[in-house]
Number of protein chains: 2
Amino acid sequence: MITLYDLVFQDDRRPSPFCWRAKFALKHKGLAWRDEPVGFTEKQKIAFAQSQTVPVIHDGPKPVKDSWDIARHLDSAYPEKPLFGPALSHARFVAHWVDGAVHLALFPLLVGDLYDRVRPVDQPYFKESRGKRLGTTDFAGFQAKAREKGVDNFRAVLEPARRVLKEQPFLSGEQPGYADYSLGGAFLWARVATPLELLLPDDPVHPWRERMLDLFDGMGRKAKVA
Amino acid sequence: MITLYDLVFQDDRRPSPFCWRAKFALKHKGLAWRDEPVGFTEKQKIAFAQSQTVPVIHDGPKPVKDSWDIARHLDSAYPEKPLFGPALSHARFVAHWVDGAVHLALFPLLVGDLYDRVRPVDQPYFKESRGKRLGTTDFAGFQAKAREKGVDNFRAVLEPARRVLKEQPFLSGEQPGYADYSLGGAFLWARVATPLELLLPDDPVHPWRERMLDLFDGMGRKAKVA
């Protein structure tokens, strides 16, 4: 029988989002468990697992701590009903994250430089369509104001990618895949439009961007830039 | 030979992030293509594809528009070297997005109610550890201030999930998977801690949350709540 150590609040409330992940994952596998509530001041209950935080599970001979490692353990010990779903859906998520968060944070930082590099014949089109979106056609002024605030917001938005890239060379794992190409597209958009440096050299996203520029005989690196 | 219609700026610059996705995807498959630059005012060039935007590719008998559909087309027409990488890495990305963006936006809205529901014996621990993180131990005041600004920021952070859930019932596809459990954990954290309503009824995330509460005989719905 698996034991799950679960954070407990007053009146047996169970709030921990990470413990909920573990409970969903156990249910997904159709596994039963023995519940062991742990308060913030009862860390001695999980000391045997060399853990300071819940969830911890005890499944057979050795304990597993950390919700992610628990999910991986369950998928390898109980291979029926894989937890990780079709890769296509997840790549779709990353693409939507790029469109709905990264591009949104990036566009105000680029829009003036983008406008300056649109072919003259196309500038009226850009002015009308992007002007409507931004509520102004003073793209240089809009960009200047955005840059005054700095690129911290853009860098904050990259946090999920940063965390993944601390652990593995590409968003898709050991090899690049569509998730990488989605975020790579955003960086090439910026690179072609503006000399503005978006990343600090010690940011884990920085060496990944270098790898993306090198891919396919340096296709991205060779692109005509700002 | 595949033709790729690619957005062009001055001096043959190619900025479009979506066209870059298509170029990376073509290279990933080892496919060559004929390049067809398209300015903003040359939409007639892609009219044959019933598209208003690039990228468009023309591969054999029929055109394919939209960078996502192009990726799917390439993966189905050229199954070698799949574009979508191991599902595990992508689920990891979603988990990191929940930790590094969703939880971050949610915590200030909950922290006062969370504190009130910690077991009295554990409250000093919560006060010290979370106080350090927030720079204050006035959790009620911190929460009130966060709620004054409203939940719009939290809802904006959910945008990538919202876009996926407009297209399919779960983040993992037709069936729930670990990506869903990660985001589900965040909503259960909130549900157990506070009666604050986080979602508008017409938000596509709303029916997904209902489905998550119903999963596994209503495990989440039955949890003791605020």
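## Salt bridges, domains and a mixed sheet

Counting over all chains, this predicted model has 44 salt bridges, where a salt bridge is a side-chain nitrogen of Lys or Arg within 4 Å of a carboxyl oxygen of Asp or Glu. Because it is a predicted model, local features need pLDDT of at least 70 and side-chain atom pairs count only at pLDDT 80 or more, while totals for chains, interfaces and linings use all residues. Residues are numbered from 1 along each chain as its sequence is written, chains are lettered from A and ligands numbered from 1 in the order in which they are written, and side-chain values use heavy atoms, with hydrogens and water left out.

**Charged pairs in chain A**

As background, side chains of opposite charge can pair when their charged atoms come close. Here are three of the pairs, with the distance between the closest N and O atoms.

| Residue | Partner | Closest N and O atoms |
|---|---|---|
| Lys29(A) | Asp75(A) | 2.5 Å |
| Lys45(A) | Glu42(A) | 3.8 Å |
| Asp214(A) | Arg221(A) | 2.9 Å |

Let's start with the salt bridge between Lys29(A) and Asp75(A). Lys29(A) sits in the loop between α1 (17-28) and β2 (33-38) of chain A, and Asp75(A) belongs to helix α2 (residues 67-77) of chain A, so the pair ties together parts that are 46 residues apart in sequence. Helices (H or I, at least four residues) and strands (E, at least two) are DSSP runs, numbered from the N terminus. Are Lys29(A) and Asp75(A) buried or exposed? Both are buried; that label means under 20% relative accessible area, exposed means over 50%, and partly exposed is in between (1.4 Å probe, protein chains only).

The Lys45(A) and Glu42(A) pair is a mixed case. Lys45(A) is partly exposed, at a relative accessible area of 26%, whereas Glu42(A) has 19% relative accessibility and counts as buried. In the Asp214(A) and Arg221(A) bridge, Asp214(A) is partly exposed at 45% relative accessibility, and Arg221(A) is partly exposed too, at 33%. Sharing of partners also builds a network: salt bridges join Arg34(A), Glu36(A), Glu42(A), Lys45(A), Arg119(B) and Asp122(B) into one.

**Domains of chain A**

The UniProt record (an unreviewed entry) puts the feature "domain: GST N-terminal" at residues 6-82 of chain A. UniProt positions are given in the numbering used here, feature names are shortened, and annotations may be inferred rather than shown by experiment. That span, residues 6-82 of chain A, is 30% helix and 21% strand, and its end C-alpha atoms are 23 Å apart. The domain assignment, for its part, splits chain A into domain 1 (2-77) and domain 2 (87-218); such bounds come from an automatic or database domain assignment. How far apart do the C-alpha centres of domain 1 and domain 2 of chain A lie, in what number of Å? The separation is 38 Å.

**Backbone oddities**

Most residues other than glycine have a negative phi, and most peptide bonds are trans. Against that background, a cis peptide bond links Val54(A) to Pro55(A), with omega about 5°, and Pro55(A) is in the loop between β2 and β3 (56-59) of chain A. In chain B, Val54(B) and Pro55(B) are joined by a cis peptide bond, also with omega about 5°; Pro55(B) is placed in the loop between β2 (33-38) and β3 (56-59) of chain B.

Two chain B residues have positive phi without being glycine. Gln50(B) has phi near 55°, lies in the loop between β2 and β3 of chain B, and is exposed at 65% relative accessibility. Asp66(B) comes in at about 80°; Asp66(B) lies in the loop between β4 (62-65) and α2 (67-77) of chain B and is partly exposed at 39% relative accessibility.

**The sheet of chain B**

Four strands of chain B make an open sheet in the order β2-β1-β3-β4, with mixed pairing; two strands pair if DSSP finds at least two bridges between them. β2 and β4 of chain B are the edge strands, each pairing on one side only. From one strand to the next, the twist averages 20°. Angles run from 0 to 180 degrees between N-to-C directions, and axes are lines fitted to C-alpha atoms, for helices over the stretch in contact. β3(B) and β4(B) run antiparallel and are joined by four bridges; His58(B) has Pro63(B) in β4(B) as its bridge partner.

Helices pack here as well. Helix α1 (residues 17-28) of chain B packs on the sheet and touches β1 (2-7) and β2 of chain B, its direction making about 150° with that of β1(B); contact means heavy atoms within 4.5 Å. α2(B) lies across β3 and β4 of chain B and runs at about 130° to β4(B).
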